[in-house]
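Trainee: I'm new to this one and would like to go slowly over a single part before looking at the rest. Could you walk me through it?

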2 protein chains.
Amino acid sequence: MKWQELDAQPCSVARTLSVIGDRWTLLIIRNAFLRTRRFDDFHAQLGITKHVLSSRLKKLVEAGVFEKRAYQEKPARYEYRLTEKGLDLYPIILGLVGWGDKWMDEGKGPPVEYFHKTCNHKTQPTLVCSECHEPLDPREMMAMPGPGLKDVNS
Amino acid sequence: MKWQELDAQPCSVARTLSVIGDRWTLLIIRNAFLRTRRFDDFHAQLGITKHVLSSRLKKLVEAGVFEKRAYQEKPARYEYRLTEKGLDLYPIILGLVGWGDKWMDEGKGPPVEYFHKTCNHKTQPTLVCSECHEPLDPREMMAMPGPGLKDVNS
DNA sequence: TCAGCGGGTTCTAAATTGGAACTTAGCTCG
DNA sequence: CGAGCTAAGTTCCAATTTAGAACCCGCTGA
């Protein structure tokens with residue numbers, strides 16, 4: 001399977017990965033959540049080559065994750081801002097953070113901690129069931145074909 | 001920055017991506033959660049080349065995400081099972097599913113739905129604050145340096 | 001004894017990445 | 001006036017990674 005065929009699969013994981021599933025993209029998005037917006041800042045902070053950065057930003061703008069907007073004219077300068085669709089990637093970033101904190105911290109504790117301004121506490125983001133609000137365990141979940149699969153295996 | 005330097009960064013996102021952050025790895029893990037365990041099954045289901053599959057499985061076993069165990073001898077046959085560390089990736093997979101369901105469903109509805117056996121309901125996994133149990137919004141969160149960062153910027 | 005299976009390895013060609021140099025347009029300093 | 005600086009890229013070549021197919025090995029069942 002080629003990379004471009006990925007978004008045609010009837011699987012939300014594959015479709016999501018077709019947008020954000022490469023080496024650099026999630027690091028770019030991580031920095032965007034830390035308020036980085038400019039080409040050169042991404043370049044300097046990430047150590048990514050300009051070539052690759054340029055192509056990823058283009059792809060993410062096309063995908064609707066970033067919006068490219070001029071923050072000045074003369075000379076024209078642009079910034080990249082997360083759209084609503086991009087902001088919705090936050091749970092994925094926090095999922096990555098949570099796993100890294102738990103399994104890759106080298107015994108030193110988490111490098112970054114999160115504070116929830118709404119309730120004024122340090123928070124440990126947790127994935128729960130929308131119905132019973134209990135934390136989810138993979139062994140207690142069952143995957144079933146949904147409506148988006150209907151016409152595929154008919 | 002090279003791929004191998006990624007896990008040395010004082011960032012849990014980077015460290016997590018050093019393990020699961022490439023094209024195929026998350027698809028392999030997705031299928032593992034759907035109970036795929038054998039080399040040839042991964043190969044057939046994913047359309048991944050054997051070369052890449054072999055190298056990814058090796059890497060994931062080294063990282064402690066999968067455990068390689070013989071399920072028969074004569075001839076020796078192996079299966080790959082998620083460890084506790086691997087099972088802990090579930091929130092990330094569900095995060096990817098959730099985003100794909102919301103933004104990439106092509107108007108047809110989700111291809112796969114999840115049923116929570118504990119409470120007997122179809123569920124929409126949700127990321128909430130561990131303290132106030134409200135869903136998290138990136139605009140209401142603040143990232144702060146944690147203990148794992150101390151010695152780096154001293 | 002020979003076809004088939006599970007679980008790989010090896011090979012070559014094509015695509016992607018890294019790294020450095022170059023471009024473009026408008027400042028700003030002397 | 002011209003030299004150098006800045007932001008945001010593009011172009012080029014070499015090195016790495018991937019795709020795809022072929023091959024291998026130990027064992028089995030017919």
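Trainee: Let's take A:Asp22 as the part to look at: with which side chain does the side chain of A:Asp22 meet in a salt bridge?

Mentor: Keep in mind from the start that this is a predicted model. The partner you're after is A:Arg56, and the two side chains come to 2.8 Å, N to O. This pair ties together distant parts of the chain: A:Asp22 sits in the loop between α1 and α2 (25-33) of chain A, while A:Arg56 belongs to helix α4 of chain A, 34 residues apart. Both A:Asp22 and A:Arg56 are buried. As for the background, side chains of opposite charge can pair when their charged atoms come close.

Now follow helix α4 of chain A outward, to the DNA. α4(A) brings four residues to the surface near DNA strand D, the largest share. Other elements that each supply at least two residues there are α3 (39-46), β1 (66-72) and β2 (77-82) of chain A, along with α4 (50-62) of chain B. In total, 21 residues surround DNA strand D, and the closest are A:Ser54, A:Arg77, A:Tyr78, A:Tyr80 and B:Arg77. Of the strand's atoms that come within 4 Å of the protein, sugar and phosphate account for 64%. Sorted by class, this surface has ten charged, eight nonpolar and three polar residues.

Some of the phosphate contacts are worth picking out on screen. In chain B, the side chain of B:Arg56 has an N or O atom 2.9 Å from a phosphate oxygen of DNA strand D. From chain A, A:Lys68 likewise places a side-chain N or O atom 2.9 Å from a phosphate oxygen of DNA strand D. B:Trp24 has a polar side-chain atom 3.5 Å from a phosphate oxygen of the strand.

Back to salt bridges, then: your pair belongs to a wider set, as the structure holds 18 of them over all chains. Another one brings A:Arg15 and B:Glu106 together at 3.7 Å, N to O. Here A:Arg15 lies in helix α1 (residues 12-20) of chain A and B:Glu106 in the loop between α6 (90-103) and β3 (112-116) of chain B, so this bridge joins two chains. A:Arg15 is buried, at 4% relative accessible area, whereas B:Glu106 counts as exposed at 52%.

That takes us to the interface of chain B and chain A, where six salt bridges are found. One that you can look up is A:Arg139 with B:Glu84, whose closest N and O atoms are 3.6 Å apart. There are also 36 residue pairs in polar contact across the interface. On the chain B side, α6(B) gives the most, with 13 residues. The residues on that side divide into 49 nonpolar, 18 polar and 21 charged.

What about its size? The size of an interface is often given as the accessible area lost when the parts come together. Here the area buried between chain B and chain A is about 8,100 Å², with carbon and sulfur atoms giving 66% of it. B:Trp99, B:Pro111 and B:Leu127 supply 9% of the area that chain B buries against chain A, more than any other three residues. Chain A and chain B each bring 88 residues to the contact.

Definitions and conventions
Residues are numbered from 1 along each chain as its sequence is written. Chains are lettered from A and ligands numbered from 1 in the order in which they are written. This is a predicted model: local features need pLDDT of at least 70, side-chain atom pairs count only at pLDDT 80 or more; totals for chains, interfaces and linings use all residues. Side-chain values use heavy atoms; hydrogens and water are left out. A residue is near a molecule or strand if one of its heavy atoms lies within 4 Å of it. A polar contact is a pair of N or O atoms within 3.5 Å; within protein, one must be able to donate a hydrogen and the other to accept it, and residues adjacent in sequence count only if both atoms are side-chain atoms. Ala, Val, Leu, Ile, Met, Phe, Trp, Tyr, Cys and Pro count as nonpolar, Asp, Glu, Lys and Arg as charged, and the others, Gly among them, as polar. A salt bridge is a side-chain nitrogen of Lys or Arg within 4 Å of a carboxyl oxygen of Asp or Glu. Buried means under 20% relative accessible area, exposed over 50%, partly exposed in between (1.4 Å probe, protein chains only). Contact means heavy atoms within 4.5 Å. Buried area is the accessible area (1.4 Å probe) that two parts lose on being put together, summed over both.
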